[in-house]
Amino acid sequence: MLSSKNKFFPQHLLLDRTIACQVWIWRRRLGAITVLAFWLALIFPCHGEASEAVKTVALAAADPDDSRTNGLGDWIWTEKRLDRQTCQLWKSFEVPKDAVVVHAGLRMTVDNEYTLFLDGRELGRGSEWRELFDYDLTPLISPGRHTIAVKAYNSSSYAGMIFGLRIDLNDGKTIEVKSDQSWRIVPEGQKGWENASRPRDTWTPATVMASLGKEPWWVKPENMNAMPTLYPVRTYFWQTGWFQVTLLIICGVVISFSLRLMAQLALHKKERLLLQRERARIARDIHDDLGSRITQLVLHGEVAQSELPSESDMRGQLDRICQEARNVLSTLDEILWAVNPRRDSLNEFSSYVCAYAEEFLKPTSIQCLFDVDSEASALTLGLPLRRALLMGIKEALNNSVKYSGASELVFQIKCHGKNLMVAVQDNGKGFNLKAIRPGGTGLLNIVQRMQEQGGSCVITSQPGKGCRVEFMLTSKSARYRPLYWLLKPNRVPAQPDPNQNANEASQTNASI
């Protein structure tokens, strides 16, 4: 719809004017777009050129030698040149103490073959004099003195080595090592020259054979061979000298201690063998000598007693003497059983204590029941262990007869591997463990004896429910505990208790 201002203009003129305005607006827009595109086209190439320029400067800073021969010295060799000749060249240089190495590059070749060393470490080998060999030594160069050694070989005709090392530091300074007359020639046959820090007087200066680019050698090398980059050898702690020396000392101490243990174990074994032989000899002497003499004494007393009248007072005295002699014989039997090494098996122990319990309870009204494990014959008990068990069993039987008022007693011997359990249990009146009078030493002696042998004694009793005395032991052979006899503390032997001796004497008399 047209405005009122244009109502006097013709309709076709007004439409042409509107179209002309729109065309003019679109032309201005296209012109602006074209100018912007042209400006961007100018900016991006310039930016790319600037980037390339920066990159070129950075590369130039990283590798200032854009030529393969820059930094090389002269061709050097020993003064006298021979065919099939080995020439050992040595040179040292020093990097300042506070310097930081940014880049270290080495280029060299030898007519004809070479082996390169840095501080005694072999870096590489080459065998083509027409080509250069390029090494990156940046990881290997550090502040301090370094040694370069080249073992060169000439097959025939001309001989020479050309060398160039450039070290760039972080402060902008450069260290250059080139092949020149400052190199030293090391005579053949010397050892350790590859990592020597100082030259010797017998090492003569090198001779310049020709300058770089002079005949008969090349002006430009045919090729540049990039050698693998080597890194410092990492030394682990087990590769260090102090660790190896410490390990050797420890091994020596362990071996010495092991030999000492073996010697002491052999000595201990021999001592045990001699002890068993001595025990057997003592048992044999007691049986053959003392036993036979007491038996003769009893026989003589009986003969003398038979010759006296029955109403004689001397007859009663002789009878008491003969009875005491029989008691001594019974005691000797127990001593012989304890001393004899043939009775160390648990089977023999079981037979003896069962016979003792049966004989001890025969005069009483207590019925004895035996519960003995048949597998007990596999164990071996030593003399102290058997003695401690026997004394404990005697004390338990004696208490049952004297105080329990029992009608039945169960005697148990159970074996489980190396574990041994011996128990004496009655059905008597029992007692209160807390009410035991402090002066009593029988039960305390039982516990002490078992603890000294590495075992335990458990006493269980309640009023009206009987009493149970249980002995627990673990029998270990000497070969299962070779260090026990070395490391065990020296025990002070317990002083004999007179009350206990009296109890044992009364028990022996009761058994007879």
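How many helices and strands does the secondary structure of the protein come to? The secondary structure comes to eight helices and 18 strands. Keep in mind throughout that this is a predicted model. Here are some exercises to explore it, each with a worked solution.

**Exercise 1. Get an overview of burial and contacts in the protein.**

Solution.
- Step 1: start with burial. Of the 512 residues in the protein, 33% are buried.
- Step 2: turn to contacts between residues at least 6 apart in sequence. Among these, 75% join residues at least 24 apart.

**Exercise 2. Work out how α3 and α5 are oriented to each other, and which residues meet.**

Solution.
- Step 1: locate the helices. Helix α3 covers residues 313-339, and helix α5 covers residues 383-404.
- Step 2: choose the descriptors. Two packed helices are described by the angle between their axes and the distance between the axes.
- Step 3: read both values. The packing angle of α3 and α5 is about 140°, and their axes are 9 Å apart.
- Step 4: classify the angle. Roughly antiparallel would need an angle over 145 degrees, and roughly perpendicular covers 65 to 115. The two helices, α3 and α5, are therefore oblique to each other.
- Step 5: list the residues. On the α3 side we find Glu334, Trp337, Ala338 and Val339; they meet Leu383, Arg386, Arg387, Leu390, Met391 and Lys394 of α5.
- Step 6: sort them by class. The contact of α3 with α5 has six nonpolar residues, four charged ones and no polar ones.

**Exercise 3. Describe the sheet of five strands that contains β14, then place helices on its strands.**

Solution.
- Step 1: write down the order. The five strands run β14-β15-β16-β18-β17 in an open sheet with mixed pairing.
- Step 2: find the edges. β14 (367-372) and β17 (456-461) each have a single partner strand, so one side of each is left without a neighbour in the sheet.
- Step 3: add the twist, which averages 10° from one strand to the next.
- Step 4: inspect one pairing. β14 and strand β15 (residues 408-416) run parallel and are joined by six bridges. In this pairing, cysteine 368 stands opposite leucine 409 in β15.
- Step 5: add α5, the helix from Exercise 2. It lies across β15, β16 (419-426) and β18 (467-474), at about 15° to β16.
- Step 6: add helix α6 (residues 442-452). This helix lies across β17 and β18 and runs at about 145° to β17.

**Exercise 4. Which strands stand at the edges of the sheet of six strands?**

Solution.
- Step 1: follow the order, β5-β4-β7-β2-β10-β11, in an open sheet whose pairing is antiparallel.
- Step 2: look at the ends. β5 (121-126) and β11 (204-205) stand at the edges with a single partner strand each, so each has one side without a neighbour in the sheet.
- Step 3: check the pairing at β11. Strand β10 (residues 184-186) runs antiparallel to β11, and two bridges join them. Here isoleucine 185 stands opposite threonine 204 in β11.

**Exercise 5. Is glutamine 85 buried or exposed, and what does it touch?**

Solution.
- Step 1: place the residue. Glutamine 85 lies in strand β2 (residues 85-95), a member of the six-stranded sheet of Exercise 4.
- Step 2: apply the cut-off. Buried means under 20% relative accessible area. Glutamine 85 has 11% relative accessibility and therefore counts as buried.
- Step 3: list its contacts. Leaving out residues up to four places away in sequence, glutamine 85 touches Trp77, Thr78, Lys80, Ala152, Tyr153 and Asn154.
- Step 4: consider a distance across the chain. Serine 156 is 71 residues from glutamine 85 along the chain, and their C-alpha atoms are separated by 8.1 Å.

**Exercise 6. Classify two ring pairs in the aromatic cluster that contains Trp242.**

Solution.
- Step 1: name the members. Tyr236, Phe237, Trp238, Trp242 and Phe243 form one aromatic cluster.
- Step 2: take tyrosine 236 and tryptophan 238. Their ring centres are 4.8 Å apart and their planes are at 0°, so this pair is stacked.
- Step 3: take phenylalanine 237 and phenylalanine 243. This pair is edge-to-face, with 5.3 Å centre to centre and 85° between the planes.
- Step 4: check accessibility. Tyrosine 236 is partly exposed at 34%, as is tryptophan 238 at 44%. Phenylalanine 237 is partly exposed at 48%, and phenylalanine 243 is partly exposed at 24%.

Technical notes:
Residues numbered from 1 in each chain as written. Predicted model: local features only at pLDDT ≥ 70, side-chain atom pairs only at ≥ 80, totals over all residues. Heavy atoms only, no water. Axes fitted to C-alpha atoms, helices over the stretch in contact; angles between N-to-C directions. Helix = DSSP H or I, 4+ residues; strand = E, 2+ residues; numbered from the N terminus. Parallel < 35°, antiparallel > 145°, perpendicular 65-115°, else oblique. Contact = heavy atoms within 4.5 Å. Nonpolar A, V, L, I, M, F, W, Y, C, P; charged D, E, K, R; others polar. Pairing = 2+ DSSP bridges. Phe/Tyr/Trp six-rings, centres within 6.5 Å; stacked < 30°, edge-to-face > 60°. Buried < 20%, exposed > 50% of the residue type's maximum accessible area, 1.4 Å probe, protein only.
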